[in-house]
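Hi everyone, thanks for coming. Let's walk through this one together, from the domains down to the cores.

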Amino acid sequence: MTDLAVQLPEASRRLDAIDRKILTVLQEDASLSVAEIGDRVGLSSTPCWKRIQRLEADGVILRRVALVDQNKIGLGISVFVSVESNDHSEAWLKTFASAVSAMPEVMEFYRMAGDVDYMLRVVVADMASYDVFYKKLISAVPLKNVTSRFAMEKIKSVTALPVPAA
């Protein structure tokens, strides 16, 4: 069991209804002032700020970021890349993970169960940019198979996690 799997149930037990409301509000708009967040969850500023600080210190809130429209910055193509490998050694995975993690086109990177070993979500400007990425990927380590699936339309995309009730 990973450290994350061990810590999640414990962190989940410590979250009360107000913490959950704070998380919901922050996931919708992290630019709100502490006073405004407090108003929305029924707290004054100081207790609200202390809860936010605790949620950050406990690793529940990882960071606060701006969400950018990928199309408006010229990254209009989303590709889901399935990777299969014949080598499942720790050394191979370390090399592969390091190489893929250094590629800025890769937005998400998962080790999978099932018929593929790894899944990447990649964003690029155009087909030529994807070809450059693909060549970089296949030269990083030996791979058995790489399958690319190009998204035609984004139907749903959210960043806010559904915060479960206590």
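The domain assignment, which is automatic or from a database, splits the protein chain into domain 1 (17-58) and domain 2 (77-151). Their centres, taken over C-alpha atoms, are 37 Å apart.

Some housekeeping: this is a predicted model, where local features need pLDDT of at least 70, side-chain atom pairs count only at pLDDT 80 or more, and totals for chains, interfaces and linings use all residues. Residues are numbered from 1 along each chain as its sequence is written, and side-chain values use heavy atoms, with hydrogens and water left out.

Now the helices, which are DSSP runs of H or I with at least four residues, while strands are E runs of at least two, both numbered from the N terminus. Helix 2 (residues 17-28) packs on helix 4 (residues 45-57) at about 80°, with the axes 11 Å apart. The two are therefore roughly perpendicular, a label for angles of 65 to 115 degrees. Among the residues that meet are Ile18 and Leu26 in helix 2, and Cys48 and Leu55 in helix 4; contact means heavy atoms within 4.5 Å.

What about the largest nonpolar core, meaning buried nonpolar residues (under 20% relative accessible area, 1.4 Å probe) joined through side-chain atoms within 4.5 Å? That core has 17 residues, and Val81, Phe96 and Val106 are among those with the most contacts inside it. Strand 3 (118-124) is one of the elements supplying at least two residues, and its four are the largest share. Val106 touches Leu120 and Phe133, among others. A second, separate core of 13 residues includes Ile37 and Cys48.

Key
Axes are lines fitted to C-alpha atoms, for helices over the stretch in contact, and angles run from 0 to 180 degrees between N-to-C directions. Angles under 35 degrees count as roughly parallel, over 145 as roughly antiparallel, 65 to 115 as roughly perpendicular and the rest as oblique. Buried means under 20% relative accessible area, exposed over 50%, partly exposed in between (1.4 Å probe, protein chains only). Lists of a residue's contacts leave out its neighbours within four places in sequence.
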